[in-house]
Amino acid sequence: MMEVHPVHAFDDNYIWLIGCQDNPHVAIVDPGDEEPVIARIERDCLRPEAILITHHHADHTGGAAALARRYGIPVYGPANERIAAVSHPLGEGDTVELSGCGLRFSVLDTPGHTRGHICYLGQHALFCGDTLFAGGCGRLFEGTPEQMYHSLEKIRALDGDTRLYCAHEYTVANLIFALVAEPQNRDIQQRLEQARVLRSEGRDTVPSSLAEEKRTNPFLRSHVPALIQAAERFAGHPLDGPVEVFATVRRWKDSLD
Ligand code: ZN
Ligand code: FE
C-alpha cells in the first residue's frame, strides 16, 4: 500500500514523500528546500531512493542537488527543461521504477505552467506539481492557454478516484475565485467552507480527488454552460470554444490576484 506524506516548505509548498507501509524507502517529490526533508528523513529513519521533479522552478528544485549528493540517489525530471540536478530526464510515456518501495509511475507531459512540466501517475495518484491545484491551476508562465488546456484535459480524462497531489496549498484562495466565477455552484460553496475549516485547524486541504475537482475547479469546467456564460460576461463578447473559455477564466483570475 502506497503512503504519501507531506513535508511543508516555505510558505505554502508541499514536498511529497512517497513510500509504502512498513518500508523505510521513500521518493521525494519537488524538494524546493533540503532542510525540512532531511529533518523528516532523520526523525522517521527513512531511506530516500529517488527524487522526482515536475518542473524547473526553484521552489521545486532548490534542494534536489544537496539531497542527491547526501543520499547518492537519482534525480528524475522533465527532459524538456534544463535542470542541473536531473540525472534521469523523462517525457510522456516513460516510467519510473521505485524498486525499494515497489512502486511504478508513468510520466505525463503537461506543458503550460512551464514549457516542459511533467506529472507522475501511479497507484491512482497524480503528482501534478504546479499544473493542477486544488480548486485551481498554475499560472501560464511559459506555455500557451492551448497547451495548458490540453494538459488539464489529459488529467481530466483520468479515473475520478485519482488522488491529486499538487505542490502548493492555494485551495481557499482558488475556491474563492471559483465561487466568483460560479456563484450558484453548491459543490464549490461546500468545498470552500470545508477548506476554511481545515485551514483554521492548521490542516492540509491536499490531496483531493479528481472527481471533486471536476465538480468545483473552474479550470476543468470550460464546457459547463454557467461558467461559459460567466467567462463571456467577463470578456464582454462571445467565446469560441473551450480553449477560449479556459484562457478567459485564467486571465480573469490573474486580474484578481
Ligand atoms: Zn512553478
Ligand atoms: Fe511552485
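**A metal site and a buried threonine**

At 4% relative accessibility, H168 counts as buried, because the cut-off for that class is a relative accessible area under 20%. The model in which this residue sits is a predicted one, and H168 is a good place to enter it, since its NE2 atom coordinates the iron ion (ligand 2), together with D59 (OD), H60 (NE2) and D130 (OD), at 2.1 to 2.4 Å. D59 is partly exposed, with a relative accessibility of 21%.

The angles among the 4 donor atoms run from 83 to 168 degrees, and the site of the iron ion (ligand 2) is irregular. Along the sequence, the donor residues of this ion follow the spacing D-H-x69-D-x37-H. D59 belongs to helix α2 (residues 58–61), whereas H168 lies in the loop between β13 (163–166) and α5 (171–181), so the pair ties together parts that are 109 residues apart in sequence. A second metal is also present here: the zinc ion (ligand 1) is 3.2 Å from the iron ion (ligand 2), and D130 coordinates both.

Turning to another part of the chain, T216 is found in helix α7 (residues 210–216), and this threonine is buried, with a relative accessible area of 1%. Leaving aside residues up to four places away in sequence, T216 touches L175, A178, D187, I188, R191 and R221. With R191 the contact is also a polar one, made between the two side chains at 2.8 Å. T216 can be placed relative to A134 as well: the two are 82 residues apart in sequence, while their C-alpha atoms are 9.0 Å apart in space.

Definitions and conventions: Residues are numbered from 1 along each chain as its sequence is written. Chains are lettered from A and ligands numbered from 1 in the order in which they are written. This is a predicted model: local features need pLDDT of at least 70, side-chain atom pairs count only at pLDDT 80 or more; totals for chains, interfaces and linings use all residues. Side-chain values use heavy atoms; hydrogens and water are left out. Donors are N, O and S atoms within 2.8 Å of the metal (3.2 Å for Na, K and Ca); water is not among the atoms, so sites may look incomplete. Four donors count as tetrahedral if all angles lie between 85 and 135 degrees; four count as square planar and six as octahedral if opposite donors are over 155 degrees apart and all others between 65 and 115; anything else is irregular. Helices (H or I, at least four residues) and strands (E, at least two) are DSSP runs, numbered from the N terminus. Buried means under 20% relative accessible area, exposed over 50%, partly exposed in between (1.4 Å probe, protein chains only). Contact means heavy atoms within 4.5 Å. A polar contact is a pair of N or O atoms within 3.5 Å; within protein, one must be able to donate a hydrogen and the other to accept it, and residues adjacent in sequence count only if both atoms are side-chain atoms.
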